[in-house]
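Open the structure and turn it slowly. Keep the sequence beside it. Try each question before you read the answer.

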Amino acid sequence: SPPRAMTQRMPAAFAAAAELAVAEMRRESERLIALRDRFEQGVRTRIPEVIVSAAGADRLPGHSHLVFPGAQGDSLLLLLDMEGIAVSTGSACQAGVPEPSHVVRAMGRSEVEARSALRITLGRTSSAEDIDLLLEALPTAYERARRAGLSSRDVR
């Protein structure tokens, strides 16, 4: 058992650590929001037809959800993966499920739009250079995915 003097200091040390963590969380959220907004502006410039879901809404700082009309999200995912860029076509809780996201459908998007969606998640290790690489790779991947077309199940 720790000495009594040490246990009396622990609440103060924990409070100081929690205060630092909250301050860092705030700075990190602001950094991620700036990266996300820079990415979304850049993708709108490069791909004007892209739909940014929940733009302007209160949302998680490092999340961007996009709909790429005429392209299959899975195709975009694979093309970007070949460039070393990790993205997702659905929510983390729906990983491995080949159906369009029920969340995207609940947002009023059609099944085709839901199948044309990508989720970009930024985190602690994400940098401006990562955004530049994604913005550089995305237009080509989108064009290739559009040329590949939608699967027959998407055009019903």
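Charged pairs

Q: Which residue's side chain meets that of Asp37 in a salt bridge?
A: A salt bridge needs a side-chain nitrogen of Lys or Arg within 4 Å of a carboxyl oxygen of Asp or Glu. Here N and O are 3.2 Å apart. The partner of Asp37 is Arg36.

Q: What kind of model is this?
A: Residues are numbered from 1 along each chain as its sequence is written, and side-chain values use heavy atoms, with hydrogens and water left out. Local features need pLDDT (the predictor's confidence in each residue, from 0 to 100) of at least 70, side-chain atom pairs count only at 80 or more, and totals for chains, interfaces and linings use all residues; this is a predicted model.

Q: Is Arg36 buried or exposed?
A: Relative accessible area decides, using a 1.4 Å probe and protein chains only: under 20% is buried, over 50% is exposed, and in between is partly exposed. Its partner Asp37 has 37%, so Asp37 is partly exposed. Arg36 has 8%, so Arg36 is buried.

Q: How many residues apart are Arg31 and Glu28 in helix H1?
A: Their side chains meet in a salt bridge, N to O at 2.9 Å. Helix H1 covers residues 4–46; helices are DSSP runs of H or I with at least four residues, strands are runs of E with at least two, and both are numbered from the N terminus. About one helical turn separates this pair, because the residues apart number three.

Q: Which residue forms a salt bridge with Glu111?
A: The closest N and O atoms are 3.2 Å apart. Both residues lie in helix H4 (residues 111–115), four places apart, about one turn of the helix. Glu111 is partly exposed at 30%, while its partner is buried at 9%. That partner is Arg115.

Q: How many salt bridges does a search of the whole structure find?
A: Side chains of opposite charge can pair when their charged atoms come close. Arg31 with Glu28 is one such pair. The search total is seven.

The fold and its confidence

Q: In what order do the elements of the protein chain run from the N terminus on?
A: The chain has five helices and three strands. Read from the N terminus, the order is α-β-β-α-α-α-β-α.

Q: Where is confidence highest in the protein chain?
A: The chain mean pLDDT is 85, and 83% of its residues reach 70 or more. Confidence is lowest in helix H3 (residues 102–106), with a mean of 73. Residues 152–156 have pLDDT below 50. The highest mean, 96, belongs to H5.

The largest pocket

Q: What is the volume of the largest pocket?
A: On a 1 Å grid over the protein atoms alone, a pocket is an open set of points where a 1.4 Å probe fits, with protein on both sides within 12 Å along at least five of seven lines. Volume is the space filled by probe spheres set on the points, which are joined across faces, edges and corners. For the largest pocket it is about 390 Å³.

Q: Which element gives the most to the lining of the largest pocket?
A: Lining residues have an atom within 4 Å of a point. Of the 19 that line this pocket, those closest to its centre include Gly84, Ile85 and Asp130. Strand S3 (117–121) and helix H5 (128–148) each give two or more. The most, nine residues, come from H5.

A loop and a turn of phi

Q: Which residue in helix H2 does Ser88 touch?
A: Ser88 sits in the loop between helix H2 (73–81) and H3, and is buried at 18%. Contact means heavy atoms within 4.5 Å. Not counting residues up to four places away, Ser88 touches Ala117, Leu118, Arg119 and one residue of H2. That residue is Leu77.

Q: What is the phi of Ala54?
A: Most residues other than glycine have a negative phi. Ala54 lies in the loop between strand S1 (51–53) and strand S2 (63–67), partly exposed at 37%. Ala54 is not a glycine, yet its phi is positive, at about 65°.
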